[in-house]
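Open the structure in your viewer and set it to a cartoon with side chains available on selection. The tour below goes from stop to stop and says what to select at each one.

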Amino acid sequence: MAQREKKYQLISSYLRSFIDEHKFTDTNKMPSEHFLCRKFNVSRQTVRTAIACLEQEGFVYTLRGSGTFFNTSYSIHNSSLPETESKKVALIVQGQDKNSIYKILAGVRDIFQDEDIEVRIFFTENKILNERRCLTACASGFDALIIDGVKASTASPNADIYEKLYNDNIPVIFYNNYYRDSKFPKVIVDDENCAQELVYQLICKGHKYIAGFFVYDNYQGNKKYNGIIKSLIKYNVYMDDSYFKWCMMDDLKDAKQFKKEMWNFIKALPSCTAIVCCNYLILEMLLEVLASHNKSIPHDYSVVSFDYSADNWQEQNITTSIHPSYEMGVKLAQGVITMIQHGHYDSQKVSYMFPPKIHLGNSIKDLGETP
């Protein structure tokens, strides 16, 4: 009978996974001792034993009064994959929406488990340099890459590495965000049609002054905005650039500041009756902002959103598109298998676009007017 892992070994394994996932990012601080004690229900001494093991190997170091950090350079160069006969696939994610990420990972793993394919997840934190580090390291030792592109609405400074991956015939498939001129296949949601459907739900209830929060360094954000504008033009509804607030995904990291800016933006639009949220993270912040200022949905503001990724969408009952995260993971894994089996691939045959899945909630007030 195999000997059961000791508690400090379980913690050490968890920390190794944490290091592996984040080694290409700018975040190198380890979870706190307090967090690890609560997560594993162990004493502080057990946690320290696990950290000491990693410290002896050179993976982490401790600064008195500051915490424990992992050695980024050492981790990249000394944590090579074990030699196995399994195929290996890198899942390279931005990292902001954890709900979506882990559902995608679950879908990928469910398909790969019958194909003897191992998947490893890496975070870029939506940083171009982090993406470059990750692509460079994963270009060898992996049989395919699944990627959520970084700042994909702009020309990628990493185009040279993507070109090399293509020329070396390494299968790459994008999801959510992709580079417009990329030769690789992609699995995405039909965001333009989704936008038109969401705005129609507002317009058919009489809303004419519609505001929105959009992300401009994100290719999805641009497609969503295009769909919004097409609907406003189609139904001859009021359209003004001042009703749309643009931000970068990095702006959302300072939640306190961003929520302050949200409220200043909203209260400067006295005619506004409805708000569109570009993604689930923005929706979460908006709900907090409105509640903190004693504004209710839909009495004070009607709200619709894209890409709801949590499991409580029926309970929350916001009119929103539901992000097909798990199903997207399945499609990505199936695409990877096709690419690995057939070598050179036709991106049109591997690419897939999900139709919008809209949940009609109770977050839209009926103003009694129709277009």
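Select Asp97, Asp148, Asn176, Asn218 and Gln220: of the 22 residues that line the largest cavity, these lie nearest its centre. The model is predicted, and the cavity encloses about 280 Å³ of space. One cavity of 30 Å³ or more is counted. To see which elements surround the space, colour α5, α9 and α11, each of which gives two or more residues to the lining. Coloured by class, the lining of the largest cavity shows seven nonpolar, eleven polar and four charged residues.

**The largest pocket**

Next, go to the largest pocket, which has a volume of about 400 Å³. Its lining has 20 residues, and those closest to the centre are Ser156, Tyr179, Arg180, Asp181 and Ser182. Add α7 (159-167) and α9 (219-234) to the selection, since each supplies at least two residues of this lining. By class, nine residues of the pocket lining are nonpolar, six polar and five charged.

**α8 against α9**

Keep α9 selected and add helix α8, residues 191-203. How do the two helices lie to each other? Their axes come within 7 Å and cross at roughly 45 degrees, which makes α8 oblique to α9. The crossing is right-handed. On the α8 side, show Asp191, Glu192, Ala195, Gln196, Val199 and Ile203. They meet a set of residues in α9 that includes Gln220, Lys223, Asn226, Ile228 and Leu232. The contact of α8 with α9 divides by class into five nonpolar, five polar and five charged residues.

**α5 against α13**

Return to α5 (residues 98-112) and add helix α13 (residues 325-342). The axes of α5 and α13 come within 7 Å, crossing at roughly 45 degrees. That angle makes α5 oblique to α13, and the crossing is right-handed. In α5, the contact residues include Ser100, Ile104, Val108, Ile111 and Phe112. In α13, look for Tyr326, Met328, Val330, Leu332 and Ile337, which are among the residues on that side. Which classes make up this contact? The contact of α5 with α13 has twelve nonpolar, five polar and two charged residues.

**α1 against α3**

Now select helix α1, residues 7-22, and helix α3, residues 44-57. They pack at an angle of about 55 degrees, with their axes 8 Å apart. This makes α1 oblique to α3. The crossing of α1 and α3 is right-handed. Show Lys7, Tyr8, Ile11, Ser12, Leu15, Arg16 and Ile19 on α1. Facing them in the contact are residues of α3 that include Val47, Ala50, Ile51, Cys53 and Leu54. By class, the contact of α1 with α3 has nine nonpolar, three polar and three charged residues.

**Two stops in the backbone**

Select Asn126, in the loop between β4 (117-123) and α6 (128-138). What is there to see in its backbone? Phi of Asn126 is near 60 degrees, a positive value in a residue other than glycine.

For the last stop, select Ile297 and Pro298 and look at the peptide bond that joins them. Is that bond cis or trans? The bond is cis, with omega near 5 degrees. Pro298 lies in the loop between α11 (280-292) and β11 (302-308). Colour α11 again here: two or more of its residues belong to the lining of the largest cavity, where the tour began.

Technical notes
Residues numbered from 1 in each chain as written. Predicted model: local features only at pLDDT ≥ 70, side-chain atom pairs only at ≥ 80, totals over all residues. Heavy atoms only, no water. 1 Å grid on protein atoms, 1.4 Å probe; cavity = no way out; pocket = protein on both sides within 12 Å on 5 of 7 lines; lining within 4 Å. Points joined across faces, edges and corners; volume = space filled by probe spheres on them. Helix = DSSP H or I, 4+ residues; strand = E, 2+ residues; numbered from the N terminus. Nonpolar A, V, L, I, M, F, W, Y, C, P; charged D, E, K, R; others polar. Axes fitted to C-alpha atoms, helices over the stretch in contact; angles between N-to-C directions. Parallel < 35°, antiparallel > 145°, perpendicular 65-115°, else oblique. Left-handed = near helix turned anticlockwise from the far one by under 90°. Contact = heavy atoms within 4.5 Å.
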